[in-house]
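Reader: Hi! Could you walk me through this structure in plain words?
Author: Happy to, let's look at it together.

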Amino acid sequence: MSDAGSFLLNNSNVDHSAYTPSSPSSPNPSHSLPAGTLGDLPVLSMNGITCRFNEVIANNDVHLDLFKGEIHGLLGENGAGKTTLMSVLYGLYKPEAGEIFVKGKRVDIKSPLDAIGLGIAMVHQHFLLTPSHTVTENIIVGLKSPGRSIFLRMAEAEKRILELSKRYGLKIDPKAIVGDLSVGEQQRVEIIKALYRDIDILILDEPTSMLTPVEEKALFSTLSAMVKAGLSIIFITHKLKEVIEASTRVTVLRGGKVIGTVMTAQTTETELAKLMIGRSLTHSVGHRQEEIHVGIEKSPNAKASAGLAKVLELKNVFALNNSGVQALKDLSLTVSKGEILGIAGVDGNGQSEMAEIVSGLRKIQSGQVLIDGRGITGMSPKQIREWGLAYIPEDRLNTGLILEYTIAENLILDRWYSSPYSGKIFLDKHEMRRFAEEIVTNFDVRTPSLDVQVRYLSGGNLQKIVLGRELSKEHKLLIAHNPTRGLDVGAAEYVHKQLFKQKDSGVGVLLLSLDLDEILLVSDRIAVIYAGRIMGVFDRATADVDKIGPLMGGYVAEATN
Amino acid sequence: MTTTLILGKRLSFKHIVPFLSGGLAFLVGGIILYAAGVDPLEAYAIIIKGSLGSSRAIADTLVKTISLLIAGLAVAVAFKCKLWNIGAEGQLYMGALGGLLVGIAVVGMIPVVSVILVLIAGIAFGAMFSLVPAVLKVKLGVSEIIVTVLLNFVALLFISYLLQGPIKAPGFLPYSPDIFPESELPILVDRTRLHAGLIVAALAAIFVHFLWKSKIGFELKSVGMNISAARYGGMNITKSILITMAISGGLAGLTGAVLLAGVQHRLIEGISPGYGFIAVIIALLGRENALGVCLVAFFFAVLLAGSESMYRTLGIPVAFAQTLQALVLVFVLIGEVFTRIHLPKKIKRVDEDKLKIHGKQIGPPAERGKVE
């Protein structure tokens, strides 16, 4: 039974709740689903996989079956153990316990080479391609030429790539240089690279994290073409919407354990969410923004001044990126007092450069940047901060914090020179400690002690330290760059609350985020950035994914899918 | 992840390891001595007696400590800021040259003023010389390691050239003229060679200790640890790198000036028997902090002074001291790897329930996708 389409229609009689992942230990777990629905034998079966790092259990007795012709969603929050499980399968980690069966045979996968030999390929979240080589070169790398030839048979390879590309709807030019391709196209190269090796099982790790909504749709249709041709796909994600849209079955992981495996057609986002985070939802989605507002005092003054004064103005800004390529091209935008302007866009379209220019970390080629009416060109990052900028940087581990420092030391990273944190010559240890205690209390930082290096704290707590520092100073403008990336739901929620608080106190917020859902959730206005230009600005009320999506991919006129 | 890591109390293990490593180094050193036909215990006894056995011996050991300490501090300051200054030896020679130029030129001053001028000239010359790699690094991104290593040769050969001609004193040997007596560091204890450089070294150690508690020290250290974060926080990267190297080079130059004013009283080719290189080991073993450098510098001085007397009594070459130093370094470095590997087992695990990290979850991320 390999036709995924009819399988979806036939599975209504499957009792998925009967599938108990902890019980089977037999190498042939065909009892997990009624025979005949998906074929008797799973192509892949992982039994009792346990994997730990030091004392942290990343996978705890995990069972997973993959049948021929299915797209199997592997769902879970950050740190649930999804990637670890797939790394075990791909030979990157050695599990402490557990067995893997491929097509009924017990296998020992020691390296990715073994995995590929067994017909398993993985497309990583960050692609492993050589940018200066062509598509074909990237695809055939590591393979032997047919017939012991010492020459590369490029023409043959190109022909086969075009064949695959046509069969699965993966549009690609085999002669193109990979570095010139968009992220979506590079992903296609990775997928073709896997298909080229005649694989049966394809693992995709968070495949949509860098794609525009349009590219996402194209990917899903490719995947369904692939399973129709008999492949099996494991699709790692933490986005419920995608699982519902693309998968045939879902396995939910939480805290390293399998919570359950269900038929996608028989479940809902709400039910999956419950499984994924371990408790039921108490809010209806539409009310969320208002809900977050509850309990935050709105100062009437802030409301009155909102929308009047411009806190940030960028006028015809041009700038280069680190490799000397034009990153911002004639970019103009404004942020007013008391509003959150969300910048939607795919990674690498000038967001980082924009944030760096406003904070004085990057030189501007031409144009003007005004913060609260004052031109900041020529001002040092220190002067700009003193003038009223708070900045939550994209990379909190390498830019926002010094991991070897304590909380107190990190909190004075931008004010070490000023009273009361230091005197004429020396730092004031007591004041630093008092301030650290204050921030830890106010921002609810969970730390075993004030004296540990912050490297031992979790991502959410690190972000709270950054927030504590940035929001505890006088500021008119807040730049928040991917402020919730890598955070779990609770911590992300906390960050959003803080953004609303800021806005209500009259601060202008520039939110740069790769997460379109986040932009739609918190912004008052939304600007779409593509290739260093603002493609359009929308009021929240008039913006939706269908309008924004195509612009994120650079399609101006083609607003339809 | 459902757990948070906390450093446990048994970290003190980490502090025992360096001593175990040192012991092993002496054990292996003993084997070498035994192979050379010497009773290791007797040899080690002579090292201790020769370096600490009499007031004269202690004075000599302290004289060596002075140079090793200041040079060690010089390197430690740079290393703390992740600037790999391997050029302390060259900076030391340039500092000695600066001290000499003042010492042979300034006459008729109050001795204290004269000595201070010599030392300041040493600091200035060392600092200026260390700014060469610093500027190259800041402006052109050239690695300071390569430049500082190579500048050692430049400095030593330059001094050698000067001593063959321009500043050569009349006579056969390549010596400079003596500095004026008022420029010499006074002897602290009669009938020993212990000079006032000990006070200078102590002041240098205090300076470095308090540097890290100061505003400027925090800036320098932050830039060293993470340039990106320091820039983001508004720190001036270029200024910090230049200042760090100037402090490091200045201290190295001070070492040279102290050797000149306290020991030789003139510039000679071998004014430093490689103190600038041993300083690298001292800085590493002293874990880049002032107190650690003090202890290690004294320990190394004991080894140096002791092995000189071992040479006199047992005929074991002085190079054995270097062998022992190298062994100590190797074992301590191995020990450090050992502590790092075993540390994670000493880390306590705390359950999420105890440290409830995310108390207020509201909705799952996917629900956001549904807004309107």
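**A chat about chains A and B**

Author: Leaving aside neighbours within four places in sequence, B:Ile241 is in contact with B:Leu83, B:Ala134, B:Lys137, B:Val138 and B:Val223; two residues are in contact if their C-beta atoms, placed from the backbone, lie within 7 Å. Before we go on, this is a predicted model: local features need pLDDT of at least 70, side-chain atom pairs count only at pLDDT 80 or more, and totals for chains, interfaces and linings use all residues. Residues are numbered from 1 along each chain as its sequence is written, while chains are lettered from A and ligands numbered from 1 in the order in which they are written.

Reader: Thanks! Where is the place of B:Ile241?
Author: B:Ile241 sits in helix 10 (residues 237-264) of chain B. Helices (H or I, at least four residues) and strands (E, at least two) are DSSP runs, numbered from the N terminus.

Reader: And is B:Ile241 buried or exposed?
Author: B:Ile241 is buried, because 23 other C-beta atoms lie within 10 Å. The rule is that a residue is buried if 20 or more other C-beta atoms lie within 10 Å of its own, exposed if 12 or fewer, and partly exposed in between, with C-beta atoms placed from the backbone.

Reader: How many Å separate the C-alpha atoms of B:Ile241 and B:Phe125?
Author: Their C-alpha atoms are separated by 18 Å, and the two residues are 116 residues apart along the chain.

Reader: What about chain B as a whole, how many helices and strands does it have?
Author: Chain B has 13 helices and 2 strands. Of its 372 residues, 47% count as buried. Among the contacts in chain B with a separation of 6 or more, 78% come from residues 24 or more positions apart.

Reader: Cool. At what angle do helix 4 and helix 5 of chain B pack?
Author: Helix 4 (residues 88-103) of chain B and helix 5 (residues 111-140) of chain B pack at about 140°, with their axes 7 Å apart. Axes are lines fitted to C-alpha atoms, for helices over the stretch in contact, and angles run from 0 to 180 degrees between N-to-C directions. That angle makes helix 4 of chain B oblique to helix 5 of chain B. Angles under 35 degrees count as roughly parallel, over 145 as roughly antiparallel, 65 to 115 as roughly perpendicular and the rest as oblique.

Reader: Which residues make that contact between helix 4 and helix 5 of chain B?
Author: Helix 4 of chain B contributes residues including B:Gly90, B:Met94 and B:Leu101, and helix 5 of chain B contributes residues including B:Leu117, B:Phe125 and B:Phe129. By class, the contact of helix 4 of chain B with helix 5 of chain B has 14 nonpolar, 9 polar and no charged residues. Here Ala, Val, Leu, Ile, Met, Phe, Trp, Tyr, Cys and Pro count as nonpolar, Asp, Glu, Lys and Arg as charged, and the others, Gly among them, as polar.

Reader: What does the contact of helix 3 with helix 12 of chain B look like by class?
Author: Let me set the scene for that one. Helix 3 (residues 55-80) of chain B and helix 12 (residues 290-314) of chain B pack at about 135°, with axes 7 Å apart, and are therefore oblique to each other. Their contact has 16 nonpolar, 3 polar and 2 charged residues.

Reader: Switching to chain A: what is the strand order in the open sheet of 6 strands?
Author: The order is 16-17-18-13-19-20 in chain A, and the pairing is mixed. Strand 16 (389-392) and strand 20 (533-539) of chain A are the edge strands, each pairing on one side only. Two strands pair if DSSP finds at least two bridges between them. On average, neighbouring strands of this sheet are turned by 15° against each other, direction ignored.

Reader: Which helix packs on that sheet?
Author: Helix 18 (residues 489-504) of chain A does, touching strand 13 (340-344), strand 17 and strand 18 (508-513) of chain A.

Reader: How many bridges join strand 16 to strand 17 of chain A?
Author: There are 4 bridges between strand 16 and strand 17 (residues 477-481) of chain A, and these strands run parallel. The bridge partner of A:Ala390 in strand 17 of chain A is A:Leu478.

Reader: And how do strand 19 and strand 20 of chain A pair?
Author: Strand 19 (residues 525-530) of chain A pairs with strand 20 of chain A in the antiparallel sense over 6 bridges. In their hairpin, which has 2 residues between the strands, A:Ala531 takes a positive phi near 50°.

Reader: Last one: why does A:Asp198 count as exposed?
Author: A:Asp198 counts as exposed because it has 9 C-beta neighbours inside 10 Å. A:Asp198 lies in the loop between helix 6 (183-196) and strand 7 (201-205) of chain A.
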